[in-house]
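Work through the exercises below with the sequence and the model side by side. Each task is followed by a solution in steps.

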Amino acid sequence: MKKLKILYMSNNLVKDWAEFVKLAELPCLEDLVFVGNPLEEKHSSEGNWIEEATKRVPKLKKLDGTPVIKEDEEEDN
């Protein structure tokens, strides 16, 4: 699965970060749909889902259909 770019993993029972961080091992993963998992629901209600998820899987360009905008991308210009 080294070339996997898009993963739809919504509505599963992932509830802790230990399982989520395994996705960081996928070098080409850019687009992840994770909505409906207990982990996503908990952190979305706390208002920090995108921040926490992209901290753990930094190569994501899109999370749950929303483009990921990172502040440090300006350094590339």
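**Exercise 1. The annotated region**

Which feature does UniProt place at residues 3-65?

Solution. The model is a predicted one, in which local features need pLDDT of at least 70, side-chain atom pairs count only at pLDDT 80 or more, and totals for chains, interfaces and linings use all residues. Residues are numbered from 1 along each chain as its sequence is written, and side-chain values use heavy atoms, with hydrogens and water left out.

Step 1. The UniProt record, an unreviewed entry, gives "domain: NXF1/2/3/5-like leucine-rich repeat" for residues 3-65. UniProt positions are given in the numbering used here, feature names are shortened, and annotations may be inferred rather than shown by experiment.

Step 2. Within residues 3-65, helix makes up 33% of the chain and strand 13%. The C-alpha atoms at the two ends of this stretch are 20 Å apart. Helices (H or I, at least four residues) and strands (E, at least two) are DSSP runs, numbered from the N terminus.

**Exercise 2. The sheet**

Determine the strand order and find the edge strands.

Solution. Step 1. The open sheet has 4 strands in the order 1-2-3-4, with mixed pairing. Two strands pair if DSSP finds at least two bridges between them.

Step 2. Strand 1 (6-8) and strand 4 (66-67) each have a single partner strand and stand at the edges, so one side of each has no neighbour in the sheet.

Step 3. Strand 1 and strand 2 (residues 31-33) run parallel and are joined by 3 bridges. One contact to look up is Ile6, whose bridge partner in strand 2 is Asp31.

**Exercise 3. The aromatic rings**

Find the stacked partners of Trp49 and describe their surroundings.

Solution. Step 1. A pair of aromatic rings is described by the distance of the centres and the angle of the planes. Rings of Phe, Tyr and Trp (its six-membered ring) pair if their centres lie within 6.5 Å; planes under 30 degrees apart count as stacked, over 60 as edge-to-face and the rest as tilted. The whole structure holds 5 aromatic pairs.

Step 2. Trp17 and Trp49 have ring centres 5.8 Å apart and planes at 15°, so this pair is stacked. It links distant parts of the chain: Trp17 is in helix 1 (residues 17-20) and Trp49 in helix 3 (residues 49-56), 32 residues apart. Both Trp17 and Trp49 are buried.

Step 3. Phe34 and Trp49 are also stacked, because their ring centres are 5.7 Å apart and their planes stand at 15°. Here Phe34 comes from the loop between strand 2 and helix 2 (38-46), 15 residues from Trp49 in helix 3.

Step 4. Buried means under 20% relative accessible area, exposed over 50%, partly exposed in between (1.4 Å probe, protein chains only). Phe34, at 0%, is buried, and Trp49 is buried at 4%.

Step 5. Ring pairs join Trp17, Phe20, Phe34 and Trp49 into a cluster. Arg56 lies over the face of Trp17, 3.8 Å from the ring centre; the criterion is NZ of Lys or CZ of Arg within 6 Å of the ring centre and within 35 degrees of the ring normal.

**Exercise 4. The largest pocket**

Which element gives the largest share of the lining of the largest pocket?

Solution. Step 1. On a 1 Å grid over the protein atoms alone, a pocket is an open set of points where a 1.4 Å probe fits, with protein on both sides within 12 Å along at least five of seven lines; lining residues have an atom within 4 Å of a point.

Step 2. The largest pocket holds about 210 Å³ of space. Its volume is the space filled by probe spheres set on the grid points, which are joined across faces, edges and corners.

Step 3. The lining consists of Ile50, Glu51, Thr54, Lys55, Pro58, Thr66, Pro67, Val68, Ile69 and Lys70. Helix 3 and strand 4 are the elements that give two or more residues. Helix 3 provides the largest share, with 4 residues.

**Exercise 5. Positive phi**

Locate Asn11 and Asp64, and state how accessible each one is.

Solution. Step 1. Most residues other than glycine have a negative phi. Asn11, not a glycine, has a positive phi of about 55°. Asp64 likewise has a positive phi, near 55°.

Step 2. Asn11 sits in the loop between strand 1 and helix 1 and is exposed, at 60% relative accessibility.

Step 3. Asp64 sits in the loop between strand 3 (62-63) and strand 4 and is partly exposed, with a relative accessible area of 23%.
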